[in-house]
Amino acid sequence: LSREEISTIRQWITKLRQTDQRSLEADEKTAAFPFAGWRLLNLPTTRSLDKGSSLFLISHRFNPTINQGYDELFGLDGSSIIKLSFGHAFTDDLLVTLGRSNEANDVELGTHYQLAQQWGERGWPLGVSAHGTVNWISGAPPDGKSRFRGEAFKLTGQLSLARALGDRFGVLMAPGVLVNPAEDISGEQ
């Protein structure tokens with residue numbers, strides 16, 4: 001890259017950091033968020049985006065299992081499943097995402113709706129968000145059936161309940177329901 005291109009990238013990164021820092025400081029004055037991110041491991045948190053903001057996520061998980069030991073670098077040495085996702089906040093409480101994973105050509109349309117924020121000592125005691133997804137396993141089925149068959153769709157409903165317990169500790173519970181978890185098994189619900 002040229003010096004000018006490198007300088008542009010550095011300025012962009014600095015502005016992102018400043019914007020995120022201002023957002024975090026504003027959140028600290030109004031609401032309690034026990035988790036700084038939108039996901040904790042693979043669970044959705046109660047955090048939302050400001051209206052008009054967008055979010056691009058790259059996530060992955062490794063295929064080898066941890067118990068394969070040193071030969072597979074305890075699960076880190078091998079192929080991975082990658083998911084690319086873009087989200088947009090239509091309101092301060094509603095985030096809609098569209099993503100795709102290389103696992104069975106999984107296309108996912110998701111919603112995240114913030115129902116309540118945890119506020120100070122006298123306010124709401126928990127942060128609560130509702131999440132829903134529709135997944136379409138878009139790969140061609142081996143038996144020649146239609147890509148749009150009923151078994152190719154999965155539905156998920158999930159709640160995130162979070163509570164900040166002091167400045168450095170938080171608790172997250174995320175119960176959920178998944179309909180049609182194994183699309184390759186006919187009639188499996």
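Modeller: Let's start with one criterion: two strands count as paired once DSSP finds at least two bridges between them. Keep in mind that this is a predicted model.

Colleague: Happy to. What makes strand S8 and S9 a pair?

Modeller: Four bridges join strand S8 (residues 153–164) to S9, and the two run antiparallel. The criterion asks for at least two bridges, so S8 and S9 qualify as paired. One of the partnerships is Ala-162 with Leu-172 in S9. The two strands form a hairpin with five residues between them. Gly-166 sits in that turn with a positive phi of about 95°.

Colleague: Which residues of S9 are on the covered face, and which on the uncovered one?

Modeller: In strand S9 (residues 170–173), Gly-170 and Leu-172 make up the covered face, while Val-171 and Met-173 are on the uncovered one.

Colleague: On to side chains. Why is the contact of Lys-83 and Glu-108 called a salt bridge?

Modeller: Their side chains meet at 2.7 Å, N to O. The cut-off is 4 Å between a side-chain nitrogen of Lys or Arg and a carboxyl oxygen of Asp or Glu, so the pair passes. Lys-83 lies in strand S4 (residues 80–89) and Glu-108 in strand S6 (residues 106–116), so the bridge ties together parts 25 residues apart in sequence. By this rule, the count comes to one salt bridge.

Colleague: And how do you know whether Glu-108 is buried or exposed?

Modeller: Its relative accessibility is 17%. Buried means under 20%, so Glu-108 counts as buried. Lys-83 has 24%, which falls between the 20% and 50% limits, so Lys-83 counts as partly exposed.

Colleague: What makes the rings of Trp-136 and Phe-153 a stacked pair?

Modeller: A pair of aromatic rings is described by the distance of the centres and the angle of the planes. A search of the whole structure finds one aromatic pair. The ring centres of Trp-136 and Phe-153 are 6.4 Å apart, and their planes stand at 15°. Centres must lie within 6.5 Å and stacked planes under 30 degrees apart, so this pair meets both conditions. It links distant parts of the chain, 17 residues apart: Trp-136 is in strand S7 (residues 127–137) and Phe-153 in strand S8. Phe-153 counts as partly exposed, at 30% relative accessibility.

Colleague: Last one: what does the secondary structure of the protein come to?

Modeller: One helix and ten strands. From the N terminus on, the helix precedes the strands. Buried residues make up 28% of the 189 residues.

Definitions and conventions
Residues are numbered from 1 along each chain as its sequence is written. This is a predicted model: local features need pLDDT of at least 70, side-chain atom pairs count only at pLDDT 80 or more; totals for chains, interfaces and linings use all residues. Side-chain values use heavy atoms; hydrogens and water are left out. Buried means under 20% relative accessible area, exposed over 50%, partly exposed in between (1.4 Å probe, protein chains only). Rings of Phe, Tyr and Trp (its six-membered ring) pair if their centres lie within 6.5 Å; planes under 30 degrees apart count as stacked, over 60 as edge-to-face and the rest as tilted.
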